[in-house]
Amino acid sequence: MRRYLYDVPKGASVIYVSVDEGLLTHGGIFTYTDDGNSFTENSPHNFTRVELSDIQITSMDVNVADGSIYFFDLTSRCIYRLHSEKVETVHSGISSSYYTSIAYDWVSRNMYWTDGFFNWIAVQPVNTMDRSMYRVLIQNDIEKPSALAVDSKAGYMFWFDISTSGYRIERAMLDGTSRIPIIVKNLIRVWDIEIDTSERRLYWTEVGRNAIESSLYDGTDRRIIYKELGIQFRSIAVDTDHVCTTVHETPLWTCIVKSTGAISLIRKSEFLFTQPVAIAISKAELRPSLTNGCLTLGCEHFCVNLQSIGKCLCKEGYTLNTDGIHCTENHPLYHKAIVVSSTTKICMLSFRTATNHSDPLRCVSNLVQGGQFLTVDASNKLIFYVDTTSNFIKEYNLITDKIRQITPAETVSGIAFDWTDGNLYWLESARGKVKYVTIARTAARDLVDTDSPPSHLTMDPLTRTLFWVEGTSGFEMSIVAMPIVTKEKSVILTQPLPAYIKDIFFDVSSDRLYFIQSDRLSNVARNGSDIEHLYKGLQSVEKMIVYKRYAFWSTSTSAVLFSTALQQLSPQRTYLTSGLGKITGLAVYDEAIQRPTRGPCFHFNGGCEQICLTGISGSAVCDCSYGLTLQSDGKSCGSVPQTTNFLLLTDVSHNRLVQISTIDAQITVLDINTVGRALDALYDPISSFVFWSNVGEDSIMTSALNGTNSGTVHTTAGDGKYPTALAMDHSNGNLYYSVSSDASQGSIGVLKPSQGLFRTLVGGLGYVNGIVLYPSKGLMFYTNADDNNTFSSIIRVSMDGSSPNVIADLEPDDFITNIAIDYTTDRLYWSSMGDGIQSSSLSGSKREELTTYTSRIRSIAIAGGFLYFTSDRRDKVIKMNLQTGEEVRFMTDKAELGLLHNIFVFPGQVQPVNSVCAVNNGGCSTFCLPIALTSTSNCACQDGTYLKPDDPFTCQGVTRCPSGVTNGKLNDACTRNAAEVCTLQCNSGYANSLVSNNIRCGQNGQWDANLGLACQHDVPSTDTPTQQLTVTYISAGLAALVIIVIAVVAIVCIVSRRRQSSPRPSPRSEPNVYYSHQQNPQQNPCIIASGMYQEEGLFPAKPGTGFPADIPTPPYSVRPDPVYDTIAPAPPYEEPNISHHPSLRSQTSVVSVQSENSDYLTLIRQGNNI
């Protein structure tokens, strides 16, 4: 006998699972029953199925009092009740949003739901026959509510909101009051929420974090129940000891133990041609004994139970009287509606018309004349329109049913109402004016003149900005914006001819301007930027408005109103009745939209960089995401990076790089905005930069730890190819990387981060999850697996990609996730999803398995005799002693962390460098690649380039400077490429005679200094300290005497010259002459003789800048008197260091510096030790 949903044994546990229609099956609901014990693989489960055709159930809840099922059908946009083989409609007119979620309060017998397109949370009694008996509870400062749950005992409801000011889980009382956010950090996409009333805990599925999570009702004590990379949990149900869940795009449902995260049950055999969607549990223990405070209250409409205290609510369009029981109607038309007009009527359509719900058209009883254009004041229940027969703007009062003349107006081409100040604005096309009137005064005034005939007026009252169209159809047309306060007009968008802007509408909910150009619906930001084209093919459009996430428009050819969900773009038609005729005006009527202000976070996120919350005072309160701290300005977020003793991890759930101190497990999130979806990362202590693979951008990126100097160093080529693993050879700074791909198109390459040059070493690979290097032995190890997990191997090759050898294979359906080397024991370690952590010798022999209580190991790293590893199952890094094999207490679980994909430790074990490549890059112009066995290296070039036939060290097209230095050498990192700055080091007993240790390789392949003469004999002084001091005193005395003699001679010369000069008064008879060091020395023999001229090319570059050495000076110029310069004081006299070499010019140089009071340069003599 077929069993139905109501045939459930008393005391049994029941699981309800909905399924979508499959290829060969109808949709429906499965019912699983057992003997009331916990759900396990071995417990008996009888199941029945009720088939429901043409449905798509996306949310479901159960009445634990009688076992009836409530579900939301996305196809019909209705909530239904299924009980005793009967399907009954509970509510219709919900939007077609995947964000819609339902929750049933079994005490007060009310149904709650979220609406992701209308952006609100509403409630309705389930037993009413009045389909208008519902009320919107929360509609302000909410954007995409979803994942709804209610606790009938505590009187709470919980939901998830995708808000532009920060994703959050919020809580409120069941009447919508006492609303607070309880979790605002580390949320990505909560799909479903359920509650455990006995524990007072929330449980939810997190699609973005691949997890099932839990917290207390106030958001504290957050925990991860279960997580697994790649698994997107969907619907969730809570038992006393278990949580049960369905999985996106997976034909199964499963139950997991709350306390341990162990999987206790998987059901999948009955889902061969369909997939489970929603899940719910009914059990006697889940129905606590409660007092229903609504039973004796006698509410006129309906009641909600707030912690055993009843409270009456009125349906939409009604206000609760002071007696707290009865309700009064606001006006006879709709409370949330689309206002439409013809030349003789003004009517309203319920907002539910957009969902294909058949609410009737309601019209005002008073006939209008010549009705054209509409705008409303919803707070005061007023509708404004233009009477084209009398050329008056008129007002219709919904409460009094009276029409009043406001002001005369001619050739009106658009009207708009500012509900913040009570002003009505309109356009007069014939006169080219924008005019306004204060409704309370009815005295019209001119606001501004337009440059061409205006039309289609709309406004944003929150910023008091008007928008209108200028130009003529068929020619160039523009959209103009003007703040009312400044009256400064600006064209924000221009459509070239032939332009046909049919209508415009500013939507305050989305803060965007919508317009129809020809047959296309588009929107832009208020400044005209960020244009989005939404829908094409709109024919003969005449009027257009936007309400919530729906667009409505009419045509010039029929009495038909069209609507479309802006997210789905599936237009539908609404045929108007009551003989309305052609539509002449459209407007939105919703008092909730016409609020004088928005929440403090609505505009520009309240000034906050990340999370914006509304404080107790109503002002914006800024907060930061996990791992970052609020800065002193109270708005921006940042972090202070750890510089040593840290783990570097990629958090793929939240697109961030995380540091964890190896000393105290302190967590820091690096303040890098360009991380993207990072899979692997490493830190280079030489450059102090971090590198990571960004699979979202198919690139390898870099940045300083503090987030500065970020950029891309390499981008992979080809569809479906993306970088994964990274490893650095500290011999020369080469970065090894893998490119993963299906169809055996993956590879391993090497690149020079400073130049972006890359070379492919190994091809024909699949998915590479790890690379590790042993430069002193010339070895590289990497993993390789195919997309079907039919094989997973570790391959050992030379670091130039030659001599591959498979040293380890895993069983099918398992794959290696990461590898590491213990350089102290020469053992290779690897982690895998199934076998945990294993190790072997470098040849693959002597394999051992480490015992760990954690499964699904994701990444490993070794440092200081410890192995650090992460797991898909854990929310922390685990530390293990390699000698004892025991886990060491290191850090506690952090639910705020996402999936930690890869781990790098600094400082780790010292990587043994390759002795050849570590010195001058092995003499190679581009790549020095260590080779296995011989412990030597090969020079190599970037892809597409080869070594010169006559030079095995230099790539074609590379200009290099000579390597030889007489009596000295170049620094190890010097490659001698053009424009490179290298450091010169003289041998023992020799001193550098140049002014700097830095030399530059020119584009011509020559150094900017003579390296044959750079290192001179260093002749040490044999004098005693006393003798040296005596010599110093004598030298100083002689120097002073010389200065006195020079001064006397100079005075005599000056006096003599003054006597010979003309009597013209002047402070200086000779102009000041300034020379640059590039000038011909023959023109300035006196300057050469005094040692103040420097030969071209001997100016050293600034250390590490990489810029040309020449310091720019002004050209030869003469300054007329009078000019007064500030001359820098002369340096103290030093006894010259005389060497037996041909030239002394190398010991002096000329440096041009700018004086304080002059735009010109002053020459200062420098010695070789400056």
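This passage describes one antiparallel sheet and a set of disulfides in a predicted model. Residues are numbered from 1 along each chain as its sequence is written, and side-chain values rest on heavy atoms, with hydrogens and water left out. Because the model is predicted, local features need pLDDT of at least 70 and side-chain atom pairs count only at pLDDT 80 or more, whereas totals for chains, interfaces and linings use all residues.

Four strands were examined as a sheet, where strands (E, at least two residues) are DSSP runs numbered from the N terminus, and two strands pair if DSSP finds at least two bridges between them. The 4 strands form an open sheet in the order 72-73-74-75, and their pairing is antiparallel. Strand 72 (816-822) and strand 75 (848-850) stand at the edges with a single partner strand each, so one side of each is left without a neighbour in the sheet. From one strand to the next the twist averages 25°, the axes being lines fitted to C-alpha atoms and the angles running from 0 to 180 degrees between N-to-C directions. Strand 72 is joined by 6 bridges to strand 73 (residues 827-832), and the two run antiparallel; across this pairing, Ile819 stands opposite Trp830 in strand 73.

The structure also holds 14 disulfides, a disulfide being a pair of cysteine sulfur atoms within 2.5 Å. One of them joins Cys244 to Cys255, with an S to S distance of 2.0 Å, and the torsion about this S-S bond is about 100°, so the disulfide is right-handed. The pair links distant parts of the chain, with Cys244 in strand 21 (residues 242-247) and Cys255 in strand 22 (residues 253-257), 11 residues apart. Both Cys244 and Cys255 are buried, a class defined as under 20% relative accessible area, with exposed meaning over 50% and partly exposed lying in between (1.4 Å probe, protein chains only).

A further disulfide joins Cys917 to Cys928, with S to S 2.0 Å; here the torsion about the S-S bond is about -80°, so the disulfide is left-handed. This pair likewise links distant parts of the chain, since Cys917 lies in the loop between strand 80 (900-906) and strand 81 (927-931), while Cys928 lies in strand 81, 11 residues apart. Cys917 and Cys928 are both buried.

Cys974 and Cys982 are joined by a disulfide with S to S 2.0 Å, for which a torsion of about 75° about the S-S bond makes the disulfide right-handed, and both cysteines are buried. Cys78, with a relative accessible area of 10%, is buried as well.
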